[in-house]
Amino acid sequence: MIAVATVLAVLVQSPLGSAPASAASVLIRGGTIHTIGADGVVAGDVLITDGRIAAIGSNLAAPPAAEIIDAAGRVVTPGLFGGVSHLGVEEIGIEPTEGDYALALGEMRPEFDVTLAFNPNSASIAVNRVGGVTFAVLAPTAEAGSGDQPGGTIIAGQGAVVTLDGNVSPAGRALFVNLGGDANALSGGSRAAQYMLLRQALLEVRAPDRLQASDERLLTPLGRQTLLEFIERGSPFVFDVDRASDIRQVVAFARREKLRAVIAGGAEAWLVARELKSADVPVLLDPLDNLPASFDKVGATLENAARLQKAGVTIAFSFRDPQAYNIRKIRQAAGNAVAHGLPPEAALAAMTRNPAAIFGVADRTGTLEVGRSADLVLWSGDPLEVTTLAERVFIGGQAIPMRSRQTELRDRYLERLRRGAAR
Amino acid sequence: MKLLTCLLALACALSACASKPEKPEKSGAPSARAAGAEPYPSTYRVPQRPPVLIRSATVLTGTGARVDAADVLIVDGRISAVGSGLAAPDGAQVIEGQGRWVTPGLIDVHSHLGVYPSPAVQGNDDGNESTDPVTANVWAEHSVWPQDPGFAAALAGGVTTLQILPGSANLIGGRSVVLKNVVSATYQGMKFPGAPQGLKMACGENPKRVYGGKDKFPSTRMGNVAGYRAQWMEAQEYIRDQQEYEKKVADGDEDAEPVKRDARLDTLAAALKGEILVHQHCYRADEMATVLDMADEFGYRVSAFHHAAEAYKIANLLAEHGVCGAMWADWWGFKMEAYDGIEENIAMVDAAPGGCAIVHSDSEEGIQRLNQEAGKAMAHGVNVGFAIAPERAITWITANPAKSLGILEHTGTLEAGKMADVVLWNANPFSVYALADQVYIDGALRYDRAHPPAAPDSDFSLGQAATAGGARP
């Protein structure tokens, strides 16, 4: 894994390679700073030195040769979380050769690690980071087979936190499990069988002595080792599930099996908010999810986020569809949650501190606190507002060039349009 | 049925209820609707309501104007006036609009509500007749399920009119229908009176993937174009044969053989004659240019290109042809032909002299917040130097879609005499926090945020245990 991280760190040079080197220090002066940490909202300055946040306060002195950015009338937040995504493992949604997120061996393979397919040069990365997204969870997806073609199983595999400068962080590992009606085709046609399969897998991991050599097994030796590591390290099992009764089953199952559970989807989570709160199970939800897209989501409502937050459940935002392209839209979704009752600071936390904590990277990112990696965004105004744009983005203290394939296309054709060509 | 509609509308004047029945008397054999009459006609009726005066709001008229501290007067379901110091007629309901904004009702030119409804189970999957690349004979309205909970969610987002299209699997997918976003047990009760139908056509990847994948024609973009052209040629012949027959009849030829009627060619002939408006799903600039040439070849007009991810590359060409681009604010990448989508697309189409930009949804989520999508497009346009004020951006979701649907004379702006399709917003509608406080369709209050209905509009959502506890859409 260390080797992988090193290779990726080298690859990272290419997307940012053409950018001028950042000054050793950057002083962002006179903005409204939402730290999402202990300092709350600060009217003042942020000093970045050597890639980290060196100070937050008012009238900070600029070190020699520091770049000074006037943030008057602007807003600074931690870099945003783009949710569960196929970022960098899917170039074109429906092209089978351009996606690496789905394992279709027809076998349960928790050892499948999608992060090994991550392409830090994927066009989606720059597109979304100039929109203020600095980290996301790269996740596999299990898809059903068809005809003679095998599909996946309810355990889609492993993912991890990626930062949008192209690093895969081995600290933020998570295992993705699909449950409920959408996963019926992965579990022999019934959601009831999903717990049977999970229990069998856990039995193979925890009580190998009870198995005879001739017993049919779900897992490979590597799969057993992977699951054991997740259990022992308390790494998150992300259960994609929506129906209230299924969420209740997951909470009970995770308690019994001593797994750290995270609910993803959670359209009806508000109906079981009390149970989620008492079991300390967080929910990754799509705030725009308000229609009964299936009989698992009959209770979907725009007030899901507000109701869960009010009940004390930890929430983070993620689009239901783990697409790679438009995760920059997450702050619009957050703004809609605010329009439907969620306090604005809670909406920001659901895109910063909370997901960082859920995925085990809160010591590095997700808040603006001295010593944290300087992953932050300077916004033209309220970051939840659709008419606000990201003006500057820093990841690890490095100024991200505010360019992407889309800005290149824009500039080429703007020039033609203004000449009267564009035809 | 008529009585039931009136009861549901709650304020139907007795005289309207007592008006003459449409159906023939029961006695005798039922007779076919008269030749040439519209089949499946609209049964929507404007409910009678007292006048409404919204006072002192910020008004975006949809004509490109913004009027601050203006009053909007609605009388008999029509816009009566927009101005200051308007007097409230007797019995008018007066609403203080201070701090609030008024716009025309929003119009979505591209929706599949009802044909791809929620829940998205197989039994409800009625949007694509993907059994033949040309199904000009099908009508989307015959698939519309009026109980789709998405209609009410769209209404809460200010959508008063929407075009329901067949899907894009086919080269020629069938006829669309334009609906008023009102509660009805039948689609006829939602049909926008007098709105022309549309014809859904599709460029690019979808038809060639769907049929190429079955080893059928077409499997390439050149196959797509050959497919459309063959149809137009046949439709031209059909028109010629009909004209010849009519001429013979006019000349007194009693043996003249009428042309055999064909539902597919009826649709295509009507599109060539401009009676049905062509809406073509087309992402790439080069394919849009091909379609424009094809329209010239066969002498018809394209009303709008839908999705049009690359419209910005040919913004002037579209403007010269008077063709609207119906676009998303920021979708891209989910397929190869969407790879070049950019956030300035809408603003660039708008910026071309005479350009007609539309924000469309093609999504049960997006239709709930067309105003926010327009807000994003506006911000990205302003960012690259276009002067786009809210009074301009509102035309992308009101007047321009109305124009492309052929209903601008009826709705889409707040000009006196038009249908009173009106949204009262609690804030600037281009804010993420803005919510529709009230939505009027033909002067009747159809959504009131302060007084949500005790039960959901959709029969599907009614009595569902999981929605108990006040879950609103």
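In which sense do strand 1 and strand 2 of chain A pair, and over how many bridges?

**Entry 1: strand 1 of chain A and its partners**

I note at the outset that this is a predicted model. I looked up strand 1 (residues 25-34) and strand 2 (residues 41-49) of chain A and found an antiparallel pairing over eight bridges. As one point of register, I recorded Leu27(A), whose bridge partner in strand 2 of chain A is Leu47(A). I then followed the connection: strand 1 and strand 2 of chain A make a hairpin, with six residues between them. In that turn I noted Ile36(A), which has a positive phi of about 55°.

I next asked which strands of chain A run parallel to strand 1 of chain A. Strand 4 (residues 67-70) of chain A pairs with strand 1 of chain A in the parallel sense, over four bridges. Here I found Val26(A) opposite Glu67(A) of strand 4 of chain A. Strand 5 (residues 75-78) of chain A also runs parallel to strand 1 of chain A, and two bridges join them. For this pair I recorded Ile33(A) opposite Val76(A) of strand 5 of chain A.

**Entry 2: a sheet in chain B**

I turned to chain B and traced an open sheet of six strands, in the order 8-10-11-12-13-14, with mixed pairing. Which strands lie at the edges of this sheet? They are strand 8 (172-175) and strand 14 (357-359) of chain B, each of which pairs on one side only. I also looked up the twist: on average, neighbouring strands of the sheet are turned by 20° against each other, direction ignored.

At the strand 14 edge, I checked the pairing with strand 13 (residues 324-327) of chain B and found the parallel sense, over three bridges. Within this pair, Gly325(B) stands opposite Ala357(B) of strand 14 of chain B.

**Entry 3: the contact between chains A and B**

How many residues does each chain bring to the contact? I recorded 44 residues from chain A and 49 residues from chain B. On the side of chain A that touches chain B, helix 9 (330-339) and helix 12 (405-419) of chain A each supply at least two residues. The largest share of that side comes from helix 12 of chain A, with six residues.

I finally looked up the composition of the side of chain A that touches chain B. Its residues divide into 23 nonpolar, 14 polar and seven charged.

Key. Residues numbered from 1 in each chain as written. Chains lettered and ligands numbered in written order. Predicted model: local features only at pLDDT ≥ 70, side-chain atom pairs only at ≥ 80, totals over all residues. Pairing = 2+ DSSP bridges. Axes fitted to C-alpha atoms, helices over the stretch in contact; angles between N-to-C directions. Contact = placed C-beta atoms within 7 Å. Nonpolar A, V, L, I, M, F, W, Y, C, P; charged D, E, K, R; others polar.
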